[in-house]
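The following exercises concern surface patches and cysteine pairs. Each task is followed by a worked solution.

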Amino acid sequence: MEFRPLEQGKQADSGPVWPEAVDVAGLSLLELRQRLGVIKRAEARLAAMKTETLAAYAGRGGEGLARRVALEELQASKQQARREVETASQLSQVPETLDALGAGEIPEAHAKQIARAASQGPVDETVLVEAARREDFGTFSKTLRDHQYEQSGDDGKSLMAKQRERRSFRFFKSADDGMFVVNGRFDPVAGNRIEAALADEVRRLANSSKAGDQTAFDQRMADALENLVCADAKDRKPQGTTLILTAHWDALNEKLADARLVDGTPLPISETLRLACNADIVPAVFNTKGQELWVGRKHRLATEAQRAALIIRDEHCIGCGRSAVWCEAHHIKEWLSGGSTDIDNLVLVCKSCHHNIHDDGWTVHRNRNGAHELRPPPKPYADLPPGQPRPRTSLARPKSTPDAKPRPTPGARPKSTPDALVEPPPDAFPDAFPEKGITTWQPESSKQLLLN
């Protein structure tokens, strides 16, 4: 099949495409964006060609020979060659998805997700392909999980069981440098528990580290895993995990419905009840300002209840989308400027995005849907040359003294600057979370919260 150039911003009717070789330095931002769209369609069509070719080869010569050819012709590793042949076999079973991929209508990653889901259980391919045409990867992943849950026909129990069956864990010594390597796959419940335990231990290590500690995040992750696995039971209690679940209350039938993990994964009600049986649940209502979500200037750091509520409300870092368990609570109106530790003045941000706010002038805004988001600094900061220092505000904790008034940090940006953080209106969260029944469970230890 022959490649042919595609005019910028236009899509060919059929056949693979290849962007013309041009000097990208002379293109406008709009033209560069259009070019990326052309490249996306070209990559999708190439992926469809590779899939059809490998599937045909495997059909005639067997999967073993197809893997060998992929190893040699695609110069792939053994693991990559195995995955390529496996993906080709799965995609050949979803013709509508393969057609959309060959037409450049959906990205390769979306097509692989549909094919994998179809190999695990019943799906409506037409519905998924239509969603793949318009949704980004993260949104489509959630759509696909919900679709699998609905199509399972048994409240998601079979889907959860299949995920559990695919769990695996490898721990081996590398022949290259003698270091040990850990590699594992876990079902959503186990994965969320492990992630929560690691995040808690990483925070504990960071809080107990000495000033000037240069330990990198991935090194601290390794230390956290070592501590959790190798802790002496005589000197330390086993690490408990806080597993946050959300659910709606079905008032008509008087029962919980639509239970989910904090990452959006649907849970069968049977699994939800099993977790509840192994947890200590302490009910608390957080729909009034007399509860722990509004503490004013009493505490600088977010309370445990506020962290749980922020995780449920924001779901992930409002800047980059990182998992909520790794995030910190940021004051929209800064604490040093008189900001309160109230739920409507807090947002979830990861450490990197937190520094973008305090060091590089990024700001918190509310979009049309009412959700918070981070935006890069407007001019003049956005046009400062590389290496030019930006105004800074400190992340250091102020000294705690009775009746002390907060003092602005030297060099901090005044509130009147163009990138001053936006304070939400007083009625931004009038009833907190009236539409959600929110449950926090922690199997095996410590405090539990039920938010109604």
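**Exercise 1.** Which residues form a nonpolar patch on the surface, and what is their accessible area together?

*Solution.* The model is predicted: local features need pLDDT of at least 70, side-chain atom pairs count only at pLDDT 80 or more, and totals for chains, interfaces and linings use all residues. Residues are numbered from 1 along each chain as its sequence is written, and side-chain values use heavy atoms, without hydrogens and water.

Step 1. A patch takes residues with over 30% relative accessible area and no salt bridge, joining nonpolar side chains (Val, Leu, Ile, Met, Phe, Trp, Tyr) within 5 Å and like charges within 9 Å. A salt bridge is a side-chain nitrogen of Lys or Arg within 4 Å of a carboxyl oxygen of Asp or Glu.

Step 2. Phe169, Phe171, Phe180, Val182, Phe186, Ile194, Leu225 and Val229 make up the nonpolar patch, and together they have about 800 Å² of accessible area (Shrake-Rupley method, 1.4 Å probe, only the protein chains shown counting as cover).

Step 3. At least two patch residues come from each of strand 3 (168-173), strand 4 (180-185) and helix 10 (217-230); helices (H or I, at least four residues) and strands (E, at least two) are DSSP runs numbered from the N terminus.

**Exercise 2.** How many disulfides does the structure hold?

*Solution.* Step 1. A disulfide requires two cysteine sulfur atoms within 2.5 Å. The structure has 0 disulfides.

Step 2. For Cys317, the nearest cysteine sulfur belongs to Cys353, 3.6 Å away.

Step 3. The sulfur of Cys320 is unbonded because its closest cysteine sulfur, in Cys350, is 3.6 Å away, too far for a bond.
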